[in-house]
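Morning, everyone. I'll walk you through one protein and the spaces inside it. Have a look at the screen first.

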Amino acid sequence: MMDTLFEALKAYNWKECPATAERYGHGHINVTYVIPAPDGARYILQKVNKNVFKKPVELMENVAAVTNYLSARTDDPRGCLRLIPTKDGENFFTDSNGDYWRVYVFITDSICLQQAESGEDFRQSAIAFGEFQKQLKDFPAHTLHEVIPHFHDTKDRYRMFKEAIANNKAGRADSVREEIDFYLAREDFAGLIVDKLADGSLPLRVTHNDTKLNNVMLDKRTRKALCVIDLDTVMPGSALYDYGDSIRFGASTAAEDEKDLNSVWMDLELYKMYTDGYLSACGDSLTELEIEMLPVGAKMMTLECGMRFLTDYLDGDTYFKTTYEEQNLDRTRTHIKLVSDMEAKWDEMTRIVKEATK
Ligand code: ADP
Ligand code: GN1
Ligand code: MG
């Protein structure tokens, strides 16, 4: 396949077209380049991963709608992701291989952390995602495309889980009976968010769906939150998804695939830091029910993600990247531990949320 980087570069309106671009950052999904422009400014050029994202046009429509909305509402050049149009005035460029490219303004004097170095870093990510929610509270979420249909439809995830048990494609079902039973015993919980979205008691929101620290830019000097990046999985959904996924990943004391389950739990101090930061940044944009259900969001995302790992294990590891045989099983076990720990700490989680709103 021909190298289309230069083709992509030529599609944009540079004062002087750059001859090349350097690979940049530590993202796992897209191919990211940094472009130094002659006037000293820098830009980010990205090739969208079309193997992961099957609907790139819809994806780019979502990204353009959200970034245009945000950039019209903030003067701070580092306050949101800003998309640069092509020479033809389009939001992305399609090359001769059928790959999709886009250019963003480079967020200057910023850092992007792979892991929190302190609880304060985690709190700053909460502020970034809380502000994102607040800034988009009046955005018509239903106009966004569902780029990955039924992504957090936990009831549908149960359907797929049960299908995987019945098909037993990898012949592993008998060896994970205990893990299977853990999830089956909690099926009643699955509808708590989706049913309320369906009947309107929970509002439909713009959700980011990848609310990890490495999708937040912090100021290099102050380490304070600047903005949220990586909007590829922006979709309509519940605010509880984004909050919950941050807790699932960031308030855990261990890696997703930690084998020593004694070192895995949901850290209440981190839970409090995220919750305080998130609620203070959301301001009055969340409803009473959303706030009350924050612990449900945390448990739902952890339950769902763990069940997705087990589904993939039963299917023979075809969705999540694995580097060793039992990795998806290890991942599901940490998530079972986290869900059990949340159940044990439920009263404290509820109290932390209440206190944060006082
Ligand atoms: P991926 O989907 O591959 O994770 P991201 O959009 O998160 O791609 O970008 C990968 C990395 O590139 C980020 O972690 C960040 O370090 C850097 N990056 C992305 N956009 C910008 C930007 N506008 N300004 C500065 N750095 C950026
Ligand atoms: C995937 O792309 P990555 O690794 O950040 C997955 C998330 C899961 C996460 C678990 C599109 O995210 O939903 O929470 O793995 N993303 C997609 O590690 O399926
Ligand atoms: Mg990213």
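**Two ligands, two cavities**

Start at Ile 29: one of its backbone N or O atoms lies 3.1 Å from an oxygen atom of ligand 1. Keep in mind that this is a predicted model.

Next, Asn 30. A polar backbone atom of Asn 30 sits 2.9 Å from an oxygen atom of ligand 1. Then Gln 46. Here the side chain takes part: an N or O atom in it is 3.0 Å from an oxygen atom of ligand 1.

How much of ligand 1 does the protein cover? On its own, ligand 1 has 550 Å² of accessible area, and the protein covers 94% of that.

Now the whole shell. Ligand 1 is surrounded by 19 residues. The closest are Asn 30, Gln 46, Val 105, Ile 107 and Asp 230. Sort the shell by class and you get 11 nonpolar, seven polar and one charged.

Where do these residues come from? Strand 3, residues 42-47, supplies at least two of them, and so does strand 6, residues 100-105. Both domains take part too. Domain 1 (2-108) and domain 2 (119-356) each give at least three residues to the shell around ligand 1.

On to ligand 2. Which residues surround it? They are Ile 29, Ile 148, Phe 151, Asp 210, Lys 212, Arg 248, Glu 256, Cys 305, Arg 308, Phe 309, Tyr 319 and Phe 320. You have met Ile 29 already, with its backbone atom 3.1 Å from an oxygen atom of ligand 1.

Look at three side chains here. Lys 212 has a polar side-chain atom 2.6 Å from an oxygen atom of ligand 2. For Glu 256, a polar side-chain atom lies 2.9 Å from an oxygen atom of ligand 2. For Arg 248, a side-chain N or O atom is 3.2 Å from an oxygen atom of ligand 2. As for cover, ligand 2 alone has 440 Å² of accessible area, and the protein covers 78% of it.

By class, the shell around ligand 2 has seven nonpolar residues, five charged and no polar ones. Helix 10, residues 294-315, makes the largest contribution to this shell, with three residues.

Now the cavities. How many reach 30 Å³ or more? The structure holds two.

Take the largest cavity. Its volume is about 90 Å³. Among the residues lining it are Leu 70, Cys 80, Phe 132, Gln 135 and Leu 231. Two elements give two or more residues to this lining: helix 3 (119-135) and strand 10 (225-228). Helix 3 gives the most, four residues. The lining counts nine nonpolar, two polar and one charged residues. Domain 1 (2-108) and domain 2 (119-356) each put at least three residues into the lining of the largest cavity.

The second largest cavity holds about 30 Å³ of space. Its lining is Val 52, Phe 53, Lys 54, Lys 55, Leu 59, Val 147 and Ile 148. Five of these are nonpolar, two are charged and none is polar. Spot Ile 148 there: Ile 148 lines the second largest cavity, and Ile 148 is also one of the residues around ligand 2.

One last thing to take home. Domain 1 and domain 2 both feed the shell around ligand 1, and both feed the lining of the largest cavity. Find those two places on your own screens. Thanks, that's me done.

Technical notes. Residues are numbered from 1 along each chain as its sequence is written. Chains are lettered from A and ligands numbered from 1 in the order in which they are written. This is a predicted model: local features need pLDDT of at least 70, side-chain atom pairs count only at pLDDT 80 or more; totals for chains, interfaces and linings use all residues. Side-chain values use heavy atoms; hydrogens and water are left out. A residue is near a molecule or strand if one of its heavy atoms lies within 4 Å of it. A polar contact is a pair of N or O atoms within 3.5 Å; within protein, one must be able to donate a hydrogen and the other to accept it, and residues adjacent in sequence count only if both atoms are side-chain atoms. Accessible areas come from the Shrake-Rupley method with a 1.4 Å probe; for residues, only the protein chains shown count as cover. Ala, Val, Leu, Ile, Met, Phe, Trp, Tyr, Cys and Pro count as nonpolar, Asp, Glu, Lys and Arg as charged, and the others, Gly among them, as polar. Domain bounds come from an automatic or database domain assignment. On a 1 Å grid over the protein atoms alone, a cavity is a set of points where a 1.4 Å probe fits but cannot get out, and a pocket is an open set with protein on both sides within 12 Å along at least five of seven lines; lining residues have an atom within 4 Å of a point. Grid points are joined across faces, edges and corners, and a volume is the space filled by probe spheres set on the points.
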